Amino acid sequence: MIKLFASDLDGTLFNALHQTDGAILRRLRRVTGAGRHVALATGRWSSTGAELGFDDLPLEVVSGNGAFVYDARGQLLRSVEISPATLEELLDAFPTCCFTCVAPDGTFVRGSRESQLAGYLPSPGLLGRFVAWRFRRRGPAEDMVFDQTDEDVLSHTICKVNCRVLDPGLKAELAAFVAEHEDTLVNASFDGDLFELTEASVNKGEAVAWLAGHLGIAEDEVAVYGDGGNDIAMLERFEHAYATHNGSEDAKRAAGHVIGSCALHAVPRHMLATTRREGTL
């Protein structure tokens, strides 16, 4: 029996407009009402499903690509800090980068609101335009603090660092830095211009497995869903793994099972069908 469903959001659980809708919420309500756990596994930082459009549904949240794990009440269960020494070296090596540094107690930006927005001007391609649109549409989080010095940033427990880099030279330098620090740092991004840095051991698969253990659920009682690069570790780890039809070829190979498109609500439909098939509805 599947006791925990864990899903990526964009391109997976969300619809084609990258948001929830009534059909998604109704299906998830029936799944959780049957006693199953549903976890949102996302690269975004969030502590509750409500912040992501899931209303009052009791959902666990694995955010920051696995750097944070929250229970269904929004209480922090676990966070994994980036090595302070590596973070200090990163800040020193790239003094002009507008790093967005995420900690359990807030988000701290080394730069102004304007400089952060400048990094999200549309880049070529549909994905680049979507990233820019979503960032501008959402605006800054309430807990986002701008114009932070390196000392300000280092005074917090930083678990994730984001930076969007359009300059090819700077992008190559930052990628080289990450490669040189592969023992303490990893980049798991869905967009080639966006760096999403966490501690080297962090990934969605490891975090979902930790959550399952915390809930007393075996890994063969977990089903996971994804569509892109930062879902690969999660899709490879679990026996019951599913990629959406609109997902990348790498995600499909990692999952071994392909279901329908996010535009047709394939993931919430699959969750509900699984729950029905196992006789708890």
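E221 counts as buried in this predicted model, because its relative accessibility is 17% and the buried class takes in values under 20%. Its side chain meets that of K3 in a salt bridge, with N and O 3.3 Å apart. E221 belongs to the loop between α8 (204–215) and β12 (222–226), while K3 sits in the segment before β1, so the two tie together parts that are 218 residues apart in sequence. K3 itself is partly exposed, at a relative accessible area of 33%.

**Salt bridges across the sequence**

How many salt bridges does a search of the whole structure find? The search gives 15 of them, and the E221 and K3 pair is joined here by two others worth a look. R36 and E278 bring their side chains together in a salt bridge, 2.9 Å from N to O. R36 is in the loop between α2 and β2, and E278 is in the segment after α11, so this pair links parts that are 242 residues apart in sequence. R36 counts as buried at 5% relative accessibility, whereas E278 is partly exposed with a relative accessible area of 27%.

The other pair is R110 with D150, whose closest N and O atoms are 3.0 Å apart. Here the loop between β7 (106–109) and α4 (113–118) supplies R110, and helix α6 (residues 150–154) supplies D150, so parts that are 40 residues apart in sequence are tied together. R110 is buried, with a relative accessible area of 10%, and D150 counts as buried too, at 18% relative accessibility. Elsewhere, salt bridges that share partners join D8, K204 and D231 into one network.

Here are the three pairs side by side:

| Salt bridge | N to O distance |
|---|---|
| E221 and K3 | 3.3 Å |
| R36 and E278 | 2.9 Å |
| R110 and D150 | 3.0 Å |

**Helix α2 and what lies around it**

The loop that holds R36 comes after α2, so that helix is a natural next stop. Helix α2 covers residues 22–33, twelve in number; at 1.5 Å a residue they should span 16 Å, and the end C-alpha atoms are indeed 16 Å apart, which agrees. At the N-terminal end, D21 acts as a cap: one of its side-chain oxygens lies 3.1 Å from the backbone nitrogen of A23. Beyond the helix comes G35, with a positive phi near 90°.

Which residues of α2 are buried? They are A23, I24, L25, L28, V31 and T32. The elements covering these buried residues include β1 (4–7), α1 (9–13), β2 (37–41) and α11 (266–277).

**An aromatic cluster around W45**

Turning to the rings, the count of aromatic pairs comes to six. In one of these, W45 and F68 have ring centres 6.4 Å apart and planes at 85°, so the pair is edge-to-face. W45 lies in the loop between β2 and β3 (60–63) and F68 in strand β4 (residues 68–70), so the pair connects parts that are 23 residues apart in sequence. How buried or exposed are the two partners? W45 is partly exposed, with a relative accessible area of 24%, while F68 counts as buried at 0% relative accessibility.

W45 also pairs with Y70: the ring centres are 6.4 Å apart and the planes stand at 80°, so this pair is edge-to-face as well. With W45 in the loop between β2 and β3 and Y70 in strand β4, the pair ties together parts that are 25 residues apart in sequence. Y70 is buried, its relative accessible area being 3%. Ring pairs thus link W45, F68 and Y70 into a cluster.

**A buried lysine in α10**

One last stop is K252, in helix α10 (residues 249–255). Is K252 buried or exposed? K252 is buried, because its relative accessible area is 16% and the cut-off for that class is under 20%. Setting aside neighbours within four places in sequence, the residues in contact with K252 are A243, T244, H245, G247, H257 and V258.

Conventions:
Residues are numbered from 1 along each chain as its sequence is written. This is a predicted model: local features need pLDDT of at least 70, side-chain atom pairs count only at pLDDT 80 or more; totals for chains, interfaces and linings use all residues. Side-chain values use heavy atoms; hydrogens and water are left out. Helices (H or I, at least four residues) and strands (E, at least two) are DSSP runs, numbered from the N terminus. Buried means under 20% relative accessible area, exposed over 50%, partly exposed in between (1.4 Å probe, protein chains only). Contact means heavy atoms within 4.5 Å. The expected span of a helix is 1.5 Å times one less than its number of residues. A polar contact is a pair of N or O atoms within 3.5 Å; within protein, one must be able to donate a hydrogen and the other to accept it, and residues adjacent in sequence count only if both atoms are side-chain atoms. A salt bridge is a side-chain nitrogen of Lys or Arg within 4 Å of a carboxyl oxygen of Asp or Glu. Rings of Phe, Tyr and Trp (its six-membered ring) pair if their centres lie within 6.5 Å; planes under 30 degrees apart count as stacked, over 60 as edge-to-face and the rest as tilted.
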